Number of protein chains: 2
Amino acid sequence: MYLETINGPQDIKKLGNEQLPILAGEVRTALIEKLSQTGGHVGSNLGVVELTVALHRIFDSPRDKIIWDVSHQCYAHKILTGRRQAFVDPDHFRDVTGFTNPHESEHDWFTVGHTATSISMAMGMAAARDTQGGKENIIAVIGDGALGGGEAYEGLNTAGEYDSNLIIILNDNDQSVAENHGGLYRILRKLRESGGNSEQNFFKGLDLDYRYLENGHDIDALTALFTDVKDIDHPIVLHIHTTKGKGLAYAEEDKENWHSGSPFRIEDGVPKNGYPVYDTTVYDSLVDLMKKDRRAIVLTAGTPRAMGFVGEDRAEWERKGRFIDVGIAEENAMAMASGIARGGGTAVFGVYAPFLQRAYDQVSHDLCLNNNHATILVLLPGAYGMKSNTHFGLCDIQMLAHVPNLVYLAPSSKEEYLQMFRYATTQRRHPTAIRVPVRIIEDGAPDNTDYSRLDRFKVLSRGKGIALIAVGALIPIAKATAQEYRKATGRDITLINPCFLSGIDKELLDELKRDHSFVITLEDGVLDGGFGERIASYYGPTKMRVKNLGISKAFHSDFNAERLLAENGISVERLLELIRCFDKGGDIA
Amino acid sequence: MYLETINGPQDIKKLGNEQLPILAGEVRTALIEKLSQTGGHVGSNLGVVELTVALHRIFDSPRDKIIWDVSHQCYAHKILTGRRQAFVDPDHFRDVTGFTNPHESEHDWFTVGHTATSISMAMGMAAARDTQGGKENIIAVIGDGALGGGEAYEGLNTAGEYDSNLIIILNDNDQSVAENHGGLYRILRKLRESGGNSEQNFFKGLDLDYRYLENGHDIDALTALFTDVKDIDHPIVLHIHTTKGKGLAYAEEDKENWHSGSPFRIEDGVPKNGYPVYDTTVYDSLVDLMKKDRRAIVLTAGTPRAMGFVGEDRAEWERKGRFIDVGIAEENAMAMASGIARGGGTAVFGVYAPFLQRAYDQVSHDLCLNNNHATILVLLPGAYGMKSNTHFGLCDIQMLAHVPNLVYLAPSSKEEYLQMFRYATTQRRHPTAIRVPVRIIEDGAPDNTDYSRLDRFKVLSRGKGIALIAVGALIPIAKATAQEYRKATGRDITLINPCFLSGIDKELLDELKRDHSFVITLEDGVLDGGFGERIASYYGPTKMRVKNLGISKAFHSDFNAERLLAENGISVERLLELIRCFDKGGDIA
């Protein structure tokens, strides 16, 4: 085992050239073994094993600085930079995160999980180097999928007139999360098919130097290429063709399925915990819409599975121009949705909450300023959604609720989701965003609410004295609290589902003043700038006491939702404590 | 005068070919006359007169849909689509806005003022057309400067694999607001110099069809080109070379100065109201920083003048790599700033508040998640800043204050700005944003505050009973209110300058509870999700009465700041009313 001897890049340099492919094989075996036990990003990591070995063979990290885009392909890098144990010893599997992490190693420069950021960050590192007289290599490694993002282009454009060392490695495995979309990818294919010689060359079209390598798994070729460009005095793009999932036949075969996943049997790829069962509520609602409304168009920015679109059904809707995947390009998707609405169509853009951040300006300026009636489905929002600080989804309310004209709806059940979706996609008066619950639970009774009467909160049950206003996903905790309170005291708490996060029901809030003296708000996102504060503000000049509960402002990571909420006062137990304290006239601040 | 006969595009079609240049001349004369009286975007509008005449000659607007990027070049379009009077009759000069506006005309499709949006919006219109079986032409007109923005690239990329009608007109006048930056612009030059035949072609690099026209002021050539591509069955880029400021020698000569401006004398271009005098506080602070700190780098996204960088001084800092203009590409600038900080440099990114919206994800993920110590100067924020709904700057607090790790500072005076700037650019613990006041007023006494003690509000004067907490720019109103109140009652109000918008001073707020019963917050931005609500939330569980004052949630436009603030309760008079009402035990809600 060579791998056992590798405690850092310096040890790779001690090996003979002929030993490098063996080392790469060992790294791949270790990766497969760990991934089969823990799950994770399979395809991207298996695709860059040789590239990573070659990088650390030729360059001198951390003096030379390698910046990984998205960084979901950094496992081999971690193995080779002193973090081997976290990949070979099950007791240490959780010692490292799935992304680059400067807190783990001096070989990692940024904590990242979003696409398209590496070139700009590398340009910044290069600019800083230049003012300090440094001579080190700055290297960005970016995948073909990420290259469709506007930020990557902006970085390339700046690099195109930069005149010092910058090495941009395009790891082209001809696959984004799903298949690629866009003219760029036709050109990348032409470049691959011509051995880099196609006259149509996107990179030369930005005045960048360019070299192509057909076999990105040939370590000799990789080290020769890297040796050639090491210490280069200007930016260059190295277009390297790799195979996503390399070394696992089923992953090479079905790249989309093997982008990331759960633990699996190595022999055949069968998931150890069974095939995941996805809720089809969102997918069914979209297909139902497209069948009823021939002008309806559904948009995704590179994550079609997030809404359940897969296989031949997806391809069929795409051919009809009714399902459009723009690649990882949320700005474009949001602006297109506005354009579709303006053109008389019904547009729905489904996007994970953390990635909608990339389209904040397009939500505000392109869509809401124009008051076009497109619908945004905000997927995996809040504490129950994504749980890595690199995929931070605790501020969706902050991002959307204050934007003029936008109606932000938070369903608490399947029935509410369906009714809100129907409302959003059949009205033409305003843009709507729907905070799709992570777990869509049936309520049992159909929802017939007329949501065109904006900002009407729903009173779920009436009590006296105390009211609980709970955003969507927290309704169950609010209900359970009320039940427990009733059991203990015989008294009823008023329960309110606001439904609308972008406005407040002044009439109801005024009415509560009659026989309530304490209002508690619950939200499963960051408290600061969120939903509850608006209630506190409304009641500010009155005698109503208000307690806002939400999550502390921080890039929380790897958390358990229930525990994080409880730490911030949101659990049946903590709520009962708070209410008891209020009942006794204690300090509720 | 042909112009008098033009009440819509149909009237252009009635003219003979030889009359079109005369019409164009009349349009240009009218534009110059109006611009000389009102000011506005001079260069961009004079550059597209012939192009606009030719568009309306050949295409059938509004059946064919023309989408103007930024739309600060739409004046000729407005003149030719029924809005002539607003350009020739001084009594009607204010009838139209400076941007496309669907409320004005069926020939305008979007209200826009941000760059890089047109291609995506046009793609959306095209997708909507396709589902409806439409056959009309969809035309996006975009300038070379706007093409550096990521959203434009994302749109081009999607267009690159689209297979129906879409005409993208690149209006290339070889100038952004300032000079262009990026490899793309070297390529555009090569294309211009080769008559469109350079092998390096950015557009073909995205698999787009492409044609070049050297003289964008030759109406015959323009109409021939447009006739050729009308009803084309796939996307095409028409690269048309124009001259910014065409027809005004001094504007052609000094394109940056004549991007937009105030009323001027036609004969020599001298401003009628005198040359503007700019405050140099920000510029001086940046130059001072760069002189003291050799690792300091200042970044702009296409608006170097916003920080006072002009002429040879700017060029000199650029050559040193200390001032970097990335073009209109805020995502890249923000990510680069994070990279510079990570690389050991001191990065300052100055950006207009509305345009920072484009970098929301980069602020959160690229910068703040990494807790890098870059500084953002937020320029022209709030009610005193930009005043068009297309340049909406009333939500900067909403956009920034909730982002973890970011410290958002609001100076109220020149001295505070300088001390906060010094603090931000010499500490290495966190990213900082500074809300630069639109009018920077000297206080008279130096500020020696230690801002490393985060979230300490400043008590400007102590009173009893009532406290006013006023964000930066509103301190003068708060002070005047306190003075008037003292005159009238002999009593003192406590005045607080929070300085920090991203946190609250709990100690001070607790202390106020001792001898205060009413706290008023003032902010010159939208109330919902802003600064004041956090104070209301903190006091929510207590007996403290709180009134939050800020601006109503809407895309306010063409407003007078004082009037808008007063309408929302923020004026000395309105505040005194509120306080009197409180004193009398009246209803302050």
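Five strands of chain A form an open sheet in the order E1-E2-E3-E5-E4. Their pairing is parallel. The model is predicted. Chain A as a whole holds 23 helices and 16 strands.

**The five-stranded sheet**

- Two strands sit at the edges of this sheet in chain A: strand E1 (65-68) and strand E4 (209-213).
- Each of these edge strands pairs on one side only.
- On average, neighbouring strands of the sheet are turned by 20° against each other, with direction ignored.
- In general, strands of a sheet pair through backbone hydrogen bonds, and the pairing is either parallel or antiparallel.
- E1(A) pairs with strand E2 (residues 138-143) of chain A in the parallel sense, over four bridges.
- Look across from Trp68(A) and you find Val141(A), which lies in E2(A).

**Overall shape of chain A**

- The C-alpha trace of chain A spans about 80 × 55 × 55 Å along its principal axes.
- Chain A has a radius of gyration of 26 Å.
- A compact globule with 589 residues would have a value near 25 Å, so chain A agrees with that expectation.
- Of the 589 residues in chain A, 60% are buried.
- Take the contacts in chain A with a separation of 6 or more: 77% of them join residues 24 or more positions apart.

**The nonpolar core**

- Nonpolar side chains tend to be buried together in soluble globular proteins.
- Here, the largest nonpolar core has 380 residues.
- Residues from both chains are among those with the most contacts inside this core.
- In chain A they are Leu299(A), Ala337(A) and Leu468(A).
- In chain B they are Leu299(B), Ala337(B) and Leu468(B).
- Which residues does Leu468(A) touch, not counting those up to four places away in sequence? Among them are Ala478(A), Thr481(A), Ala482(A) and Ile493(A).
- Leu468(A) also touches Leu495(A), Ile496(A), Ile520(A) and Leu522(A).

**How the two chains are related**

- A turn of 180° and a shift of 0.0 Å along the axis lay chain A on chain B, with an RMSD of 0.0 Å.
- That relation is the one given by a two-fold axis.
- Which C-alpha of chain A is nearest the axis? It is that of Gly150(A), 1.7 Å from the axis.
- Both copies use the same surface: 100% of the contact residues of chain A recur in chain B.

Definitions and conventions
Residues numbered from 1 in each chain as written. Chains lettered and ligands numbered in written order. Predicted model: local features only at pLDDT ≥ 70, side-chain atom pairs only at ≥ 80, totals over all residues. Least-squares fit on C-alpha atoms with pLDDT ≥ 70 in both. Contact = placed C-beta atoms within 7 Å. Rg over C-alpha atoms; globule rule 2.2 N^0.38 Å. Buried ≥ 20, exposed ≤ 12 C-beta atoms within 10 Å, placed from the backbone. Pairing = 2+ DSSP bridges. Axes fitted to C-alpha atoms, helices over the stretch in contact; angles between N-to-C directions. Core = buried A, V, L, I, M, F, W, Y, C linked by C-beta atoms within 7 Å.
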